[in-house]
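User: I would like to go through this model and ask, for each label, what justifies it. Please set the values against the criteria as you go.

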Amino acid sequence: MSLDSASIRRQFPLLQQKIDDHPMMYLDASATSQKPQIVLDAMNDFYTTSNANVHRGMHVLSERATTEYEKARESVRRFLNASSTDEIIFTKSSTESINLVARCYGEHFLKEGDAVLVSILEHHSNIVPWLQLKEKKGIDVRWIEVDQQGQIRMDSFESQLAEKKVKMVAITGLSNVLGTLPPLKEMIASAHKAGALVIVDAAQLAAHAQIDVQDLDCDFLAFSGHKIYGPTGIGVLYGKKDLLGAMPPFLGGGMMIKEVTRGHFVATDLPAKFEAGTPPIAEAVGLRTAIEWQKTFSWKDRQDHEREMLALALSELKKIEGLHILGPKNPDQILGCISFVVDGVHPHDLTDILGSQGICLRAGHHCAQPLHDTLGIPASTRLSISLHTTKDDILILTPAITKAIKILKK
Amino acid sequence: MDLYAENILDHYKHPRMQGELPDVTVQHEEKNISCGDTITVTMKVENGTISNLRWTGTGCAISQAAMSMIAEELEGKKTEAIDALTTDDIRALLHVPIGNRRVKCALLCLHTLKNALHTLRNEQMQSWTDTVGNESNAS
Ligand SMILES: Cc1ncc(COP(=O)(O)O)c(C=O)c1O
């Protein structure tokens with residue numbers, strides 16, 4: 001059965017509103033997704049009936065809250081096919097998850113002269129923590145180049161690995177600008193052969209493709225709840241148990257200790273060891289609900305729908321004179337989003353004019369400045385596809401963009 | 001009212017006072033990295049008077065139009081005219097409501113001019129918050 005995106009759209013209350021009589025066309029899910037009613041209800045229910053702090057106290061509410069929180073962890077474990085819930089750490093975001101690895105693994109197990117290999121496709125959140133490590137510990141940060149289409153240059157990757165300096169590869173599962181998908185499995189196998197670990201930034205990938213951490217054999221993987229129809233304020237770090245076990249804790253505080261004396265503390269077991277302080281409990285409930293909700297659609301149907309929308313968008317955008325699509329023009333080579341530039345028209349002006357007609361696209365460098373520098377452009381405009389994207393969302397674009405260009409073109 | 005009003009588009013498409021001056025007294029560039037807007041101001045200052053002012057820049061219509069408009073006002077004025085400039089002056093020139101998403105575009109000219117003046121006087125640069133004010137992002 002194919003995906004009924006029009007019916008899915010009706011499950012999103014935010015999309016029902018109008019902007020100056022224009023229907024809401026939300027094509028910015030790569031920045032953050034909208035939330036279906038069922039997720040909003042689950043969080044509201046939690047606060048209404050079960051709110052308490054977790055893992056502290058014997059009363060009935062504490063037990064309910066703890067059960068809900070741990071059910072969310074199990075739901076995430078299945079979502080990623082991890083082998084143990086000890087490998088699922090709740091954080092505040094993908095960004096925090098990556099920082100945790102850079103600090104707790106990088107600062108303790110990498111030394112001056114070691115290199116971290118980062119791709120040009122990366123979001124700043126998978127670049128800056130490694131540059132911070134470079135500042136602190138003299139670790140070398142090196143780059144995996146991409147070709148004109150935004151595909152990883154495997155020759156560049158393999159030749160850097162061959163030098164045997166690389167101890168960590170930090171790679172996105174899906175480019176948040178070009179929609180290209182690095183060949184993760186192949187890259188992870190090569191990295192392991194060369195003695196390097198791999199952290200996958202799955203912030204975008206998690207919303208568009210099935211992830212199996214055991215099949216990938218990645219060492220760490222990060223994603224954010226808010227990009228997969230869940231709430232903001234919660235992220236996930238997956239890490240192999242032996243690695244997480246060997247790493248020192250991240251933040252210090254409640255929940256992460258076994259015992260504390262006047263002079264000393266002992267960190268507790270996984271996963272709580274990395275979850276200092278009161279965690280995002282209602283957000284975990286929301287995330288679990290979002291994951292369970294998505295399971296009602298098969299990955300095949302989701303990707304068929306997405307590729308249909310991407311193909312339509314590509315053929316529509318091609319009709320516009322002076323518009324240049326960044327990255328592959330073949331819908332089979334991308335997922336999630338398409339970015340483009342228009343000769344003589346600044347993305348901010350374009351998206352401002354489109355926004356006033358209820359069409360929400362993202363403009364800027366999308367937190368991927370090295371990629372934009374490599375492409376030789378300061379900024380671009382991005383449209384993203386989600387479960388609720390319909391043909392109408394796409395078909396409205398061509399006339400709207402054409403009209404905006406007419407206003408702005410010198 | 002429409003952000004892309006005729007006067008803004010006119011200044012964007014036909015920018016005034018654009019260019020570079022030979023032997024200037026001060027030159028200063030500011031950028032909005034997040035959107036790629038750039039403005040460079042060059043001024044010739046004689047006895048405290050801005051005898052010549054030219055600017056170059058790239059970026060969105062709002063940032064470029066605002067610079068074009070304010071440049072016209074400043075040539076021949078005392079440098080104190082830049083001290084006296086406020087965010088409201090720029091808003092008044094643009095004459096359209098500027099929402100918080102476009103504040104940095106609209107006020108890049110002001111930020112560049114203020115810091116050009118600080119450069120001229122060997123003073124410390126001012127921050128974005130100094131330029132736009134605390135409330136701006138919340139409005
Ligand atoms: C590829 C990629 N990585 C990381 C992030 C950071 O996600 P968050 O801001 O939720 O930490 C994003 C989102 O903007 C992203 O697109």
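Analyst: Two residues are said to be in contact when heavy atoms of theirs lie within 4.5 Å. By that criterion, and leaving aside neighbours within four places in sequence, A:Thr289 is in contact with A:Ile38, A:Val39 and A:Ala42. The model is a predicted one.

User: Why is A:Thr289 called buried?

Analyst: The relative accessibility of A:Thr289 is 14%, and buried means under 20%, so A:Thr289 counts as buried. This residue lies in helix α10 of chain A, which covers residues 281-294.

User: What makes the pair A:Val285 and A:Thr289 a polar contact?

Analyst: A polar atom of the side chain of A:Thr289 lies 2.8 Å from the backbone oxygen of A:Val285. The cut-off for a pair of N or O atoms is 3.5 Å, with one atom able to donate a hydrogen and the other to accept it, and the distance of 2.8 Å falls within that cut-off.

User: Why is the pair B:Arg102 and A:Asp352 called a salt bridge?

Analyst: The criterion asks for a side-chain nitrogen of Lys or Arg within 4 Å of a carboxyl oxygen of Asp or Glu. The side chains of B:Arg102 and A:Asp352 meet at 2.5 Å, N to O, and therefore the pair satisfies the rule. Across the interface of chain B and chain A, the rule finds three salt bridges, while 10 residue pairs are in polar contact there, counting those with both residues at pLDDT 80 or more. On the side of chain B that touches chain A, α1 (6-13) and α2 (61-74) each supply at least two residues, and the largest share, three residues, comes from α1(B).

User: How do you know that chain B and chain A form an interface, and what is buried there?

Analyst: The contact criterion is met by 17 residues of chain B with 16 residues of chain A. Between them the two chains bury about 1,300 Å², with 53% of it on carbon and sulfur atoms. In chain B, the residues that lose the most area to chain A are B:Tyr4, B:Tyr12 and B:Lys13, together 39% of what that side buries.

User: Why does the radius of gyration of chain B agree with that of a compact globule?

Analyst: For 139 residues, a compact globule would have a radius of gyration near 14 Å, and chain B has 14 Å, so the two agree. The C-alpha atoms of chain B fill a box of roughly 40 × 30 × 25 Å along the principal axes, and buried residues make up 50% of the chain.

Conventions
Residues numbered from 1 in each chain as written. Chains lettered and ligands numbered in written order. Predicted model: local features only at pLDDT ≥ 70, side-chain atom pairs only at ≥ 80, totals over all residues. Heavy atoms only, no water. Buried area = accessible area lost by both parts, 1.4 Å probe. Helix = DSSP H or I, 4+ residues; strand = E, 2+ residues; numbered from the N terminus. Rg over C-alpha atoms; globule rule 2.2 N^0.38 Å. Buried < 20%, exposed > 50% of the residue type's maximum accessible area, 1.4 Å probe, protein only.
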